[in-house]
Amino acid sequence: MTGDYVLDGLAVPDSLDLLHDLLEQVGVEHPELAASDLMLFETAVIEVAGNVVEHGKPPGEVRWQFRLAVRPDRLEGTLSDSGEEYPGGAWGTDMPDLMDEDGRGLALATAVLESLVYQRSGEVNEWTMVRALS
Amino acid sequence: MAEDTRTAVLQPTGRLNMVAAPALKSLIEESVAEGRDRVVVDFSDVVFIDSSGLGALIAGLKCTRQAGGDLRIAQVPEQVMTVLRLTNLDRVLRAHPTVADASHDW
């Protein structure tokens, strides 16, 4: 079974719950998805979205659109945001030291995805996340 | 047995993300400031954690240890356990099956 979903909003902390809710809805509408696939995909989406909330400029004014495609072999999410372009090499995918309090977000997202790609496309930033289904 | 005045059990609920993490961090710091430097975080009502939540746990771990105590976690659900493993934090935050298990032999 396939399905497509779209969510628009402001990239602020409270919007993260709307993403969680959307992914919960996906789980209900696609019982064929393994709970672990959806759980790890949700983990990645929230990390990428959290990164936009935290680093998107100007703060509090960035809008985003999340598009999700459920396909027989994969979950593919694209988060587009209206913020300024992120500087090259803006994120680290190496896990930080154990006692560091931050810097794990995109490393964690990378660990649970087949691919995580960032690109500047016209006036928007685009984060594409793919998880191959087990 | 003497009353245990050094142990606090904290029970966050729902999603431990960038909205909720600062409050957990503050609660742990307040607990330590009140002399309860042995903190058990009960995860039985947590459904999701992100890297902000992990950051709050690490901050709590450092804060309790600096005071001579420690921070432990109990009743950890699958998503949290998976995230701890993926970030290698299971090496410093061992999951205890119950709050009671986590609350003795400090």
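The following questions and answers take up how terms such as buried, exposed, paired and edge apply to this predicted model of chains A and B.

Q: What makes B:Asp105 exposed?
A: A residue counts as exposed if 12 or fewer other C-beta atoms lie within 10 Å of its own, and B:Asp105 has 5 such atoms, so B:Asp105 is exposed. This residue lies in the segment after α4 (99–102) of chain B, and B:Asp105 has a positive phi of about 55° although it is not a glycine.

Q: Why is B:Asn88 called partly exposed?
A: The class of partly exposed residues falls between the cut-offs of 12 or fewer for exposed and 20 or more for buried; B:Asn88 has 13 other C-beta atoms within 10 Å and is therefore partly exposed. B:Asn88 is found in the loop between α3 (78–86) and β6 of chain B, and its phi is positive, at about 65°, although B:Asn88 is not a glycine.

Q: What makes the phi of B:Asn88 worth noting?
A: Most residues other than glycine have a negative phi. B:Asn88, which is not a glycine, has a phi of about 65°, which is positive.

Q: How do you know that the peptide bond from A:Lys57 to A:Pro58 is cis?
A: The omega of this bond is near -5°, and the bond is cis; A:Pro58 itself lies in the loop between α2 and β2 of chain A. Most peptide bonds, by contrast, are trans.

Q: Why are β1 and β6 of chain B said to stand at the edges of their sheet?
A: The open sheet of four strands in chain B has the order β1-β3-β5-β6, with parallel pairing. Within this order β1 (7–10) and β6 (95–96) each have a single partner strand, so one side of each is left without a neighbour in the sheet.

Q: How do you know that β5 and β6 of chain B pair?
A: Pairing requires at least two bridges between the strands, and two bridges join β5 (residues 70–74) of chain B to β6(B), so the requirement is met by these parallel strands. Across this pair B:Ile73 stands opposite B:Ala95 in β6(B).

Q: How do you know that β2 of chain A pairs with β1(A) and with β3(A)?
A: The cut-off is again at least two bridges; β1 (residues 3–10) of chain A pairs with β2(A) in the antiparallel sense over eight bridges, and eight bridges likewise join β2(A) to the antiparallel β3 (residues 74–81) of chain A. Among the bridge partners are A:Val6 with A:Arg67 in β2(A), and A:Phe66 with A:Leu79 in β3(A). A hairpin with two residues between its strands is formed by β2(A) and β3(A).

Q: What makes the side chains of β2(A) alternate?
A: In a regular strand the side chains alternate between the two faces of the sheet. Along β2 (residues 63–71) of chain A, A:Trp64, A:Phe66, A:Leu68 and A:Val70 point to one face and are buried, while A:Arg63, A:Gln65, A:Arg67, A:Ala69 and A:Arg71 point to the other and are not.

Q: What makes up the side of chain A that touches chain B?
A: There are 20 residues of chain A in contact with 21 residues of chain B. On the chain A side, α1 (16–29), α2 and α3 (105–112) each supply at least two residues, and the largest share, six residues, comes from α2(A). These chain A residues divide into eleven nonpolar, four polar and five charged.

Notes: Residues numbered from 1 in each chain as written. Chains lettered and ligands numbered in written order. Predicted model: local features only at pLDDT ≥ 70, side-chain atom pairs only at ≥ 80, totals over all residues. Contact = placed C-beta atoms within 7 Å. Nonpolar A, V, L, I, M, F, W, Y, C, P; charged D, E, K, R; others polar.
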